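This briefing walks through selected features of one protein model, grouped by topic, for a reader who has the sequence and coordinates at hand. Please follow each point in the structure as it comes up.

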Amino acid sequence: MEKSDFIGRDVVSIRDFERDQLDHLFDSVEALEKQPRSLNDILEGKLAVILFFEPSTRTYSSFHIAADNLGMKVTGFASAAGSSVSKGETLHDTIRMFEGYGADLFVIRHARPGSLRFAAEITDVPVINAGDGSREHPTQAMTDMYAIRKAFGKLDGLKVGILGDLRYGRTASSLAYALSNYDVEMTFIAPEALKMRPEVEQYLEQRGATTKSETDLKNVVGDLDVLYVTRIQKERIPDPTEFEKVKGLYQVNLEALARAKPSLKVLHPMPRVDELAAELDATNYAHYFVQAAAGLPLRMVLMNFMLGGAS
């Protein structure tokens with residue numbers, strides 16, 4: 001696997017990446033963490049355009065800081081409200097405009113599923129999907145897997161539980177897609193109304209992934225190495241009455257983890273609401289702040305790969 005495999009490519013779906021490419025990416029992130037300044041200013045003069053049509057804290061900030069660290073100029077917007085999008089400008093026209101300003105890389109978050117595939121089709125500039133509706137969040141999946149590897153030194157052989165809103169949560173489906181590259185046993189833990197979408201399960205079945213479903217965490221928590229918790233995606237559930245039926249149905253706290261292995265690691269893509277208790281923060285279970293921090297070096301390495309910076 002060579003870095004050149006990433007040059008000029010789009011990062012729209014985690015399904016576009018094979019295991020050897022992901023391993024190469026993770027090895028390089030590990031190297032960067034050992035020498036944190038080794039990529040500083042390596043992309044000096046390049047222009048990153050970050051267009052967030054949906055709100056974000058971690059993803060937007062980590063991409064912005066990553067681009068700054070690489071020496072790139074950064075433009076775009078963190079919210080569509082203050083841009084011409086609020087006047088009706090289309091995604092097509094926004095991309096064309098920034099192309100004209102000399103964009104070298106687009107990082108885009110959009111509420112509409114499929115919008116990032118559309119963006120990648122209309123421009124020759126590399127595009128990173130920073131989240132499209134309820135479908136995919138590939139760099140979050142990369143970050144999640146790197147954080148797991150960092151905790152255990154491997155991915156193969158682990159038992160990973162994915163808990164929460166698996167129907168509307170894009171990080172859950174992207175992580176499941178990504179883990180299918182490895183010998184991982186996945187358990188999907190969700191109430192009936194928030195079960196994993198059929199197309200995700202069909203993809204995993206075609207890949208030969210080992211999966212099972214459960215509705216109650218306590219039935220499986222003792223077997224897990226990793227528990228990946230997601231919040232209920234209130235903003236994506238079309239019927240408010242449906243949200244009222246499922247809100248507060250699960251909470252991960254010390255009582256819920258009473259039967260867990262001492263080595264269990266709990267991850268969460270954040271933000272959390274009430275599904276992950278703060279009492280876990282000071283325990284050995286908490287790995288979510290390590291996970292969040294890993295997003296910065298991972299996005300630095302990825303952007304450097306895509307734009308062909310030096311090693």
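In this predicted model, helix α5 meets helix α6 through P138, Q140, A141, D144 and M145 on the α5 side and T171, S174, L175, A178 and L179 on the α6 side. Sorted by character, the residues of this contact comprise 6 nonpolar, 3 polar and 1 charged. The points below take up the geometry of this pair, then a second helix pair, the salt bridges, the backbone features and the surroundings of one residue in α5.

**Packing of α5 and α6**

- Two packed helices are described by the angle between their axes and the distance between the axes.
- For α5 and α6 (residues 170-179), the angle is about 60° and the axes lie 8 Å apart, which means that α5 is oblique to α6.
- The handedness of the crossing between α5 and α6 is right-handed.

**Packing of α2 and α9**

- Helix α2 (residues 58-69) packs against helix α9 (residues 288-306) at an angle of about 50°, and their axes are 8 Å apart, so α2 is likewise described as oblique to α9.
- The crossing in which α2 passes α9 is right-handed.
- On the α2 side the contact is made by R58, T59, S62, F63, I65, A66, A67 and N69, and these meet A292, G295, L296, R299, M300 and M303 of α9.
- The contact of α2 with α9 is made up of 8 nonpolar, 4 polar and 2 charged residues.

**Salt bridges**

- Side chains of opposite charge can pair when their charged atoms come close, and the count of salt bridges in this model comes to 15.
- One of these joins the side chains of E33 and K150, with a distance of 3.1 Å from N to O; because E33 belongs to helix α1 (residues 19-34) and K150 to helix α5 (residues 138-152), the pair ties together parts that are 117 residues apart in sequence.
- Both partners of that bridge are partly exposed, E33 with a relative accessible area of 28% and K150 with one of 42%.
- A further salt bridge links the side chains of E99 and R96 at 2.9 Å, N to O, and here both residues lie in helix α3 (residues 91-100), 3 residues apart, or about one turn of the helix.
- E99 is partly exposed at a relative accessible area of 25%, and R96, at 38%, is also counted as partly exposed.
- The side chains of K195 and E192 form another salt bridge, at 3.7 Å from N to O; K195 is partly exposed, with a relative accessible area of 34%, whereas E192 counts as exposed at 59%.
- Elsewhere, R19, D23 and D156 are joined into one network by salt bridges that share partners.

**Backbone features**

- Most residues other than glycine have a negative phi, and most peptide bonds are trans.
- Against that background, the peptide bond that joins M270 and P271 is cis, with omega about 5°.
- M270 also has a positive phi, near 60°, in a residue other than glycine.
- M270 is found in the loop between β9 and α9, and P271 lies in that loop as well, following the β9 strand at 265-267.
- Is M270 buried or exposed? M270 is buried, because its relative accessible area is 17% and residues under 20% count as buried.
- D41 likewise has a positive phi, near 65°, although it is a residue other than glycine.
- D41 sits in the loop between α1 and β1 (47-52), where it counts as partly exposed at 48% relative accessibility.

**Surroundings of A151**

- A151 is placed in helix α5, and at 30% relative accessibility it counts as partly exposed.
- Which residues does A151 contact, leaving aside its neighbours within four places in sequence? On that basis, A151 is in contact with K265 and H287.
- A151 and S263 are 112 residues apart in sequence, and in space their separation is 9.5 Å from C-alpha to C-alpha.

Methods:
Residues numbered from 1 in each chain as written. Predicted model: local features only at pLDDT ≥ 70, side-chain atom pairs only at ≥ 80, totals over all residues. Heavy atoms only, no water. Salt bridge = Lys/Arg side-chain N within 4 Å of Asp/Glu carboxyl O. Helix = DSSP H or I, 4+ residues; strand = E, 2+ residues; numbered from the N terminus. Buried < 20%, exposed > 50% of the residue type's maximum accessible area, 1.4 Å probe, protein only. Axes fitted to C-alpha atoms, helices over the stretch in contact; angles between N-to-C directions. Parallel < 35°, antiparallel > 145°, perpendicular 65-115°, else oblique. Left-handed = near helix turned anticlockwise from the far one by under 90°. Contact = heavy atoms within 4.5 Å. Nonpolar A, V, L, I, M, F, W, Y, C, P; charged D, E, K, R; others polar.
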